[in-house]
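Visitor: I am new here, and I would love a short tour. Could you show me what we are talking about?

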Amino acid sequence: MTLSVKASESPATPPRHNPLEVLNAEFDQAAKVLRLEDDLHELLKTPYRELHVQIPVRMDNGTLKIFKGYRIQHNAVRGPYKGGVRYHHEVDRDEVLALAVLMTWKTAVVNIPFGGAKGGVECDPTKLTRNELRQITRGYIGKIGHIIGPQRDIPAPDVNTNEQTMAWMMDEWGKMNGYQPAIVTGKPVALGGSLGRREATGRGVVMNIEEACRMLRIDLSRTTAVVQGFGNVGSFAAKFLVEAGAKVVGASDVGGGVYNPKGLDVPALTAHVAEAKTVVGFRDAEQITGDHLFDLPCDIFVPAALGGVITEKTAPKIRARLVAEGANNPCTKQGDEILRDRGITVIPDILCNAGGVTVSYFEWVQNLQQYRWTEERVNEELGLVLKKAFLDVHEQATRHNIPHRAAAWVLAIQRVAEATRLRVI
Ligand code: NAD
C-alpha cells in the first residue's frame, strides 16, 4: 500500500506534481487486472460535468476581486455526486478533477450510495476576512446552485473549509430552494450536522491503522507515529492514535514541526494550536522543519496535509513500517513506487480517509429521515463500514497478489463498472 501530499507553502516544498497522471496510471493498472472493456474504460475515466465559475467579491477595502471557482462531477452511477470544497491559493482544474475522481472510487470502496465530485475556490483564506470568506462562499453557491441538490450533488468541507462554511452554503442554497439540511454535510450539529462527523476522518484513519496492525501483527500500543498536518484530519488522527496506546512523537503544519521522542502531549498540543494557530512554538518539544519530519524514526507515518508530499526525495527517508494516507493523493508516482520497493505498507487514501465521507453519508441519511443518531451509533456503524472495506480490499490484494492501493482500486472499479453495466450500457 502507499500514499502522497502537495506541500505548497513550506520553504521545503516539493515540486508540484499532477495528481491526475498518478490517478490515471492507477486506473489503467486496476482496469487491466479486471480486464475492463475498452468502452467502459473510456466512460469511467471521463468526468460527467465540469463547471468553472467567476465569483466577484467586494473586498473589505472597497475593491472588487474576482475569484475562480470549480465544481467537477465525475461519476454518479451509484448515487448522487459527493465531495468536499477546498479553498486554497493553488486550487486549479486538474487538482479538483483528480479529487473528484478519487471520490468516485472512495465512495465505492466503502460501498456507500454516492458518486464522486469535488469543488474548489482559488483563494488564500489566511489573507481573507470572515466577511470576505462568507461572500466568496455565498457567491460560489449562487453560481453552482443549479447543479447541486440533496439527490444530485452534496458538497462537504475539505482543506480550509469547515462547519461555518457549510452553514453559509446551506443557507444560501436554501434561499433559492427552501430549507434542506441534506444539501451539504459537515454542518454544525446545531444545524443538522451529525454527531461524530468532525472527528470522523481522523477516527477512520486510526480504525484503518488498527486493522493494518492486526494484519501485519504489529502491537499498536507499542508503536510510535508521526503526523504531517495538524488540521481536522491530522489532529484527530493524533488524538485517536494516543487513545489506542501509540506514542505520537512528531507533528507538523504549514509553519513547521515539533518532535519529542518520548511522545508529544497531544491534548496540550491541540490546545496550543487552538490558540497559536500552529504547532510551532509548542513547549516540551524540539522545533524542527517540515522537511525534517520525514527523517524521524517511527513505526507509522500519517500524511494529513496536502497532496504530492511523498516524492522520490522524501519517500527514501521515511522510516515507518506503515504509511496511513489521511490526506488525498499524498504520493507521487515515484514516491509510491519507492515505498512499495522498500516494503512499506501503505493504507491508500481511498480507504484510509474514507471515514469522513462515510459519516457524511450518515449525516445525509439522518437529514433525509429528520432523525438524529447518537454518537455511539455513528461511531459503531463507522467501524462496521470501515472494517468491512479493509477486509474487502485485503481480500482483493490476496486474490490478485497486488498491493493494497491497487486492490482498493480494483474493488472500487468493479463496483462502479457493475452499476454502469446495469444502468447505462
Ligand atoms: P485542514 O485545513 O483542517 O488542515 C490542513 C493541515 O495541513 C493544516 O494543519 C495545515 O497547516 C497543514 N499543511 C498545509 N500545507 C502544509 C505543508 N506544506 N506542510 C505541512 N503541513 C501543511 O484540512 P483537513 O480537512 O485536515 O484535510 C487534510 C487532508 O485530508 C487533505 O488532503 C484533505 O483532502 C484530506 N481529507 C480530509 C477530509 C475531511 O473530512 N476533512 C476527508 C478526507 C480527506
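Here are a few questions about the ligand and one loop.

Guide: Welcome! This is a predicted model, in which local features need pLDDT of at least 70, side-chain atom pairs count only at pLDDT 80 or more, and totals for chains, interfaces and linings use all residues. Residues are numbered from 1 along each chain as its sequence is written, and side-chain values use heavy atoms, with hydrogens and water left out.

Visitor: How many residues surround the ligand?
Guide: A residue counts as near the ligand if one of its heavy atoms lies within 4 Å of it. The closest are R86, D158, T201, A305 and N328. In total, the number of surrounding residues is 26.

Visitor: Which residue has a side-chain N or O atom 2.8 Å from an oxygen atom of the ligand?
Guide: Polar contacts with the ligand are pairs of N or O atoms within 3.5 Å. Backbone atoms take part at N232, 2.9 Å from a ligand oxygen, and at V254, at 3.0 Å. The side chain asked about belongs to N328.

Visitor: How much of the ligand's accessible area does the protein cover?
Guide: Accessible areas come from the Shrake-Rupley method with a 1.4 Å probe. On its own, the ligand has 830 Å² of such area. The protein covers 88%.

Visitor: Is D284 buried or exposed?
Guide: D284 sits in the loop between α8 (266–276) and β9 (286–288); helices (H or I, at least four residues) and strands (E, at least two) are DSSP runs, numbered from the N terminus. Buried means under 20% relative accessible area, exposed over 50%, and partly exposed in between (1.4 Å probe, protein chains only). Because its relative accessibility is 58%, D284 counts as exposed.

Definitions and conventions: Polar contact = N/O pair within 3.5 Å; in protein donor to acceptor, adjacent residues only side chain to side chain.
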